[in-house]
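User: I have a two-chain model open and want to go through how it is put together. Can you take my questions as they come?

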Amino acid sequence: MASKKTILLLHIIKHHRNVDQLKREGLSYREITILVSESVDSDFLKYEHDELELTELGEKLYQENKGLIKKQSKKEWIQKDERSKIPKISKDFIFLPNQNELNF
Amino acid sequence: MEAIDAIMKLNKIFKSKNWVEKDHDEFVFDQFCTLFNNLEKDEERKLIVELTEKYSWISFTEYQGSILNALKLVEEIKLQNLKKIYFFPIIKPEDEGKIKSGPYLLYPLKSYKKFLPMYAHIKFEIITSFDFMSKDNLTLNENEKIFLMDDYIGSGETLKFCIDHLKTINDFRNQDFSIISIATQKEIYDSMKQMGISYYSDTIQNKGISDNYSEPELSGKISVMKEIERMIPGGNHFSFGYGDSEALITLIRTPDNTFPIFWKDYRKGRNKFNAPFSRDESVTNG
């Protein structure tokens, strides 16, 4: 069973080659190189002429497991903007603006 | 070259140069990777990778071995006739007495003598003041020499000041001097040899870009580096390293002759980042 991080790595190599997503998963740069080396050793990636590419096995593994890195619900991929949240107001509440604070 | 490919190549370079054994290798590695991530273009990352392959990182623990290597380069035939060597640090007169790499290198010299059998018959005298070298205090005999020492010689500005001043205060000739260093730029090495001054260095460095590429590639690489240097606040002063040295070296500290992107902190947007071999004593986090 491939780990989520391995599938994310395959996704990165296949699509945009930007390591920020792996950094957000908490991996250090050194750990990223270890993950790449392990994926090369497992024949998921090939590293030739200083360039990384998915092998057939890697492609198959990615296609079978890419669901692992798909965010399931909006809650997971859109962060709440807590700073803009205000307390809930009851339907009987009447708002009386302070005359000094009005600018019209 | 995309960021992930540059990071893997860097990993290879660290292993092949044995930099993984160095102190702070993790910090340096991380700053390099962050730089790759911050660079916009593939050719910028490619240039940094190519220059890093040529980069020398000499730690404090390697100083003894490198100084011994440089001293062993002196031709035996020249040593046979010598009775005494005056070791003098490469410093400017106004820096006398300050803590500099030159005087610091001289201190353990006598203890190295046991590793240098070809010097066994020669007396080592360590001098740190210009006053002692003056005509009133020193008359150099035919079988005596002055070895000028420093860990790194870049533009050669300090070396020229030092030699000029020594010649002013005594009747020294060029052939009385030998220069010993751990590392040096080839330009100053060649110009001193042309003046008839013997020069021995464990590492001799070419200019990172000018001496390693030819046209039309050269102009392209120069433009790429200029583009990279735009990320460095106040980088103009040190563009391509002090005195256009284009050096690629870190010793105990990184000399300002090295391309500034390797040692001068840079900005991307509002964020400030540490250079891989930052000279700053405080460390910035992104």
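**Chain A hairpin, then the rest**

Analyst: Starting in chain A: Glu48(A) has Glu51(A) in β2(A) as its bridge partner. Keep in mind that this is a predicted model.

User: How many bridges join β1(A) to β2(A), and do they run parallel or antiparallel?

Analyst: Four bridges join strand β1 (residues 45-48) of chain A to β2(A), and the two run antiparallel. The hairpin they form has two residues between the strands, and His49(A) takes a positive phi near 50° there.

User: What else is in chain A, and in which order do the elements run?

Analyst: Chain A has five helices and two strands. Read from the N terminus, the order is α-α-α-β-β-α-α.

User: How much of chain A is buried?

Analyst: Of its 104 residues, 20% are buried. As for contacts in chain A between residues at least 6 apart in sequence, 47% join residues at least 24 apart.

User: Same two numbers for chain B?

Analyst: In chain B, 36% of the 286 residues count as buried. Contacts with a separation of 6 or more are made up to 65% by residues 24 or more positions apart.

User: What does the secondary structure of chain B come to?

Analyst: Eleven helices and nine strands. The radius of gyration of chain B is 21 Å, close to the 19 Å that the globule rule gives for 286 residues, so chain B is as compact as a globular protein of that length. Along the principal axes, its C-alpha atoms fill a box of roughly 60 × 40 × 35 Å.

User: Now β5(B). Is it enclosed or not, and why?

Analyst: Strand β5 (residues 177-185) of chain B is largely enclosed by the rest of the structure, because eight of its nine residues are buried.

User: Which strand is joined to β5(B) by bridges from β4(B)'s side, and how many bridges are there?

Analyst: That is strand β4 (residues 144-153) of chain B itself, joined to β5(B) by seven bridges, with the two running parallel. Ile146(B) stands opposite Phe177(B) in that pairing with β5(B). Together with helix α9 (residues 157-169) of chain B, β4(B) and β5(B) make a right-handed β-α-β unit.

User: And how does β5(B) pair with β6(B)?

Analyst: Strand β6 (residues 198-205) of chain B runs parallel to β5(B), and seven bridges join them. Ile180(B) stands opposite Tyr200(B) in β6(B). The chain gets from β5(B) to β6(B) through helix α10 (residues 186-194) of chain B, a β-α-β crossover that is right-handed.

User: Switching to the core. Which residues have the most contacts inside the largest one?

Analyst: Ile4(B), Ile7(B), Phe36(B) and Leu148(B), in a nonpolar core of 82 residues. Helix α1 (residues 3-16) of chain B supplies the largest share of this core, seven residues.

User: What is Ile7(B) in contact with, leaving aside its neighbours within four places in sequence?

Analyst: Residues of both chains: Val19(A), Tyr29(A), Ile32(A) and Thr33(A), plus Cys33(B) and Phe36(B).

User: So what about the interface as a whole? How many residues of each chain are in contact?

Analyst: 14 residues of chain A are in contact with 13 residues of chain B. On the chain A side, α1 (4-15), α3 (29-41) and β2 (51-54) each give two or more residues. α3(A) gives the most, with five residues.

User: And that side of chain A by class?

Analyst: Eight nonpolar, two polar and four charged residues.

Conventions. Residues numbered from 1 in each chain as written. Chains lettered and ligands numbered in written order. Predicted model: local features only at pLDDT ≥ 70, side-chain atom pairs only at ≥ 80, totals over all residues. Core = buried A, V, L, I, M, F, W, Y, C linked by C-beta atoms within 7 Å. Buried ≥ 20, exposed ≤ 12 C-beta atoms within 10 Å, placed from the backbone. Contact = placed C-beta atoms within 7 Å. Rg over C-alpha atoms; globule rule 2.2 N^0.38 Å. Nonpolar A, V, L, I, M, F, W, Y, C, P; charged D, E, K, R; others polar. Pairing = 2+ DSSP bridges. Right-handed = clockwise from strand over helix to strand, strands pointing away.
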